[in-house]
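Student: I am new to this structure and should be grateful for a close look at a single part of it. Please choose that part, set it in its surroundings, and explain it in one connected account.

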Amino acid sequence: MKNNLPFLEPRNELSLNATVVMAILIGLPKTRSGKLVLNLERLQIYLFLILNPTTLNKLLAKSNKTLIELREDEEYSVTSVSYNFDPLFGREKMQLILQFLSANGLLESTYSKDYGFVFNLNSKGLETYSEFSGEYFHDLSKYTEKASQLQSSSVGKLNSGLNQIIKDGG
Amino acid sequence: MSNYLFLIKKLVLTGHRKNYVIPFHPGVNIIYGDGDTGKSSILRIINYMLGGKEIQLDHEISSSVIHATLDLEINGGSFCIRRDLYAPQKNIEVFSCNFEEIESNFPSKLSPNLNAKVGGPKSISEFLLGELNFPIVKLKQSPTKDTSGVARLSSRDLMKYSYLNQDAVGSRKMLDIGHPVVEVKNREVFKYIFNILDSNITDVTAEIAAKAKEKAKLESRISIISDFLEETEFSNSEDINVEIKQNFERRKRISSYLEQVKKRVVSQSKSYSIYKSALESAKLSIDLEETRRINSIRSIERFDRLRNEFINDIEKLKAIETSSHRISIDNGKQLACPICDSKIEIQKISDNFSISSEDKVRQEINSLTRRVRELKEASESHREAVREVIQNISMLNIEREKAVKLLDAETSEAISPYLSERDTFVAEVTSLEEKHGQLLHEMKILNQHDKLTLQLTKLTTNIGLLKGKLEKLEKSAPSISEILTDLSSDLNSYLKKINIKTRVGISIDEKSFLPVVRNVEYRHINSGGLRTILSIGYLAILLKNNLIRGSNSFNFIMVDTVGKYIGKTAEQDILEAGDHDDSGEFEDDPSKYRNIYEYLIDLAELFENEGKNCQILLVDNDVPQETSEKYKGFIVAHYSAKGVNGLPTGLIDDWDDFINKAN
């Protein structure tokens, strides 16, 4: 997507999306029992949730889980009151992000009986990510830590939970 | 007490919008003007008030008038006859006072029917004949037979000899000529008028006896009422009058206090309105400040959210800056999918994501950092504004409360006392009004007592007069031939005055008692003009005999359209009369027309010279030119349909205005 606006939209930047997906692949690759779970659908849901932490908190609240402690700037912003659920639909963007990570030689893919093709970062990926530093990376690990409570929920259950939130008006 | 035998003083039509009053004087009274202005209605209403059966009223009158009152004097007593114009069967009310005193008198009820029910109210006829002191007799319906049935003579029978309506003037059917039964009765009435009925002496004797009985009854009634008034220590009428006057004065005084109080309240409320407007303006300012406050709070929210959004974006952009060093689109140029061998297509990625250069990201971070600072400042300035507004509001609230307190104080200190003062006065006025009503009622009771006493005096006088009459009758009962000779001579001099040519064979017919000219009886005369002159003359000479002999007839006559078939009236009248014998004598000679007026005016003068009175009420379309100049004083009403020279447009003189307004 070409950006013709006079300002940048970070959410739309390839680098940001790739970085967030890497954070997910690091923070949430396995269940407690060590099974890899991140197939394309689950990655897509997690990407949306991590980019919209207030929605993530709502979903956690719905499932009676511990909430993320959000700062004022995270909670009281324009995004937190104007939702865009489009990224939840259509797999193309996630495919492109995975292709991009893979082209950079950071991705590893396995076939799982339960989830189909599942993804995780290879050793180069892990190394690369460990070199990233800054405020936002702290936030990302804060989000993935709490999102891990959702690992045992099926994709179907997560979707129905999100549907409910959409119906309630975000 | 004046000695008018019978005098119509005025006719009052009580209307919805106003009252219509037609005054009358002793002697000749002329009502003239254009057609359709209500002239004839005046005579018709008078006739109806004196017991006429029913009355056809013009639309103007029936839409404007509620009821009519005839103010008159009979034998020195004042009476007002009030009658519903639309319900002829309703009882007629008679007040024994003049019109101005009606409110403080009780009326007697009279039946409009000639044959009043036994035990019911007296009939209007009995009332009139009684007050006129005429004997009340029964007339034989067939006088030649001893066994003939009898009918009571009524005032209506006498009215025929006093009122010529528009149709009767000059008509062959005047006095119901040609109706055999009525003709017989009319002859008996004629005899009654001249006291030459066979039964006259016995009738007068019977009348004296009846009056004596009535007197005894009245005396006992008066004594009962007098006892009652004495026992209840009723104040006399003078005292009540004084009380009514005092009551009136007091009411006037208190009403003026009341006005003053109202004025004071208004002037005091000037400060009230100042406080009120201060309160209003405080309220308005508070509303404005509230709006400002809400707007600022909204702006603060908007700015804060945007600032946080930018803070988030800055962090994300920093993350982009970091990661784009390590991972980039350039790294995967040669890579292809190991499963499907498809190559990564850079183009497709840049269709879906934006890929910004490092510089651009750096710039954006700087720009957003600056904007975060600006937004913080903007938000701060709004917060300051909110603090200011809140301060303003609290000040305005103090102001408002002050105004409310002042208003309350004003109401309780300045206005409330006036309100209670006003209430006191209003209550006082109400109780005085009640008292006034009570006093009026007491006055009415006393007047009723006075009325009965007056009746008694009158009755005593009447009995005396009847006794004198009886004496005179017994001494010298007039003979019919004597009377007819006198009347013939009167008719002759009337015709002479009118200047009728060929005055031969003039007499009063011995059988029909109708005028005869050139040996032709009235009903056979072909000339309408001559009949008009004779019909008016006949009534006039009977009136003259009332003066000479004190006959049993009204001392007034009413003629509707004197100029019918003669002189100045339209040719149409002559055609209607269906005559061929006028030879131009009556239609061409306005002097005859004038002479009728002259004769009637002379006749009235004759009465005056004798110290008696009569009334001659004339209605005409016009009056002889000289008469209108010479005798202006006789004209009681002059109407012009178009209101020429500022004349009233008719009896209902506000009708045109009313119709114009209604449209």
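**Chain A, its helix H2, and the contact with chain B**

Tutor: Among the contacts in chain A that link residues at least 6 apart in sequence, 69% join residues at least 24 apart. Please bear in mind throughout that the model is predicted.

Let us begin with the chain to which the chosen part belongs. Chain A contains nine helices and two strands. Read from the N terminus, its elements follow the order α-α-α-α-α-α-β-β-α-α-α. Chain A has 170 residues, and 51% of them count as buried.

The part I have chosen is helix H2 of chain A, which covers residues 40-51. This helix has twelve residues, and the distance from its first C-alpha to its last is 17 Å. That span is close to the 16 Å expected at 1.5 Å a residue. As for its surroundings, eleven of the twelve residues of H2(A) are buried, so the helix is largely enclosed by the rest of the structure. A residue counts as buried when its relative accessible area is under 20%. The buried residues of H2(A) include A:Leu40, A:Leu43, A:Ile45, A:Leu47, A:Phe48, A:Leu49, A:Ile50 and A:Leu51. A:Arg42, A:Gln44 and A:Tyr46 are also buried in this helix.

We may now turn from H2(A) to the wider setting, the contact between the two chains. Chain A contributes 45 residues to this contact, and chain B contributes 37 residues. The area buried between the chains is about 3900 Å², with carbon and sulfur atoms giving 61% of it. On the side of chain B, the residues B:Arg305, B:Ile327 and B:Phe353 supply 19% of the area that this chain buries against chain A, more than any other three residues.

Individual interactions can also be counted across this contact. There is one salt bridge between chain B and chain A. The side chains of A:Glu131 and B:Arg326 meet in a salt bridge, at 2.6 Å from N to O. In addition, 14 residue pairs are in polar contact between the two chains, with both residues at pLDDT 80 or more.

Three helices of chain B each supply at least two residues of the side that touches chain A: H7 (237-326), H8 (346-352) and H9 (358-475). H7(B) gives the most to that side, with 18 residues. By character, the residues on the side of chain B that touches chain A comprise 13 nonpolar, twelve polar and twelve charged.

Note on methods. Residues numbered from 1 in each chain as written. Chains lettered and ligands numbered in written order. Predicted model: local features only at pLDDT ≥ 70, side-chain atom pairs only at ≥ 80, totals over all residues. Heavy atoms only, no water. Helix = DSSP H or I, 4+ residues; strand = E, 2+ residues; numbered from the N terminus. Expected span 1.5 Å × (residues − 1). Buried < 20%, exposed > 50% of the residue type's maximum accessible area, 1.4 Å probe, protein only. Contact = heavy atoms within 4.5 Å. Buried area = accessible area lost by both parts, 1.4 Å probe. Salt bridge = Lys/Arg side-chain N within 4 Å of Asp/Glu carboxyl O. Polar contact = N/O pair within 3.5 Å; in protein donor to acceptor, adjacent residues only side chain to side chain. Nonpolar A, V, L, I, M, F, W, Y, C, P; charged D, E, K, R; others polar.
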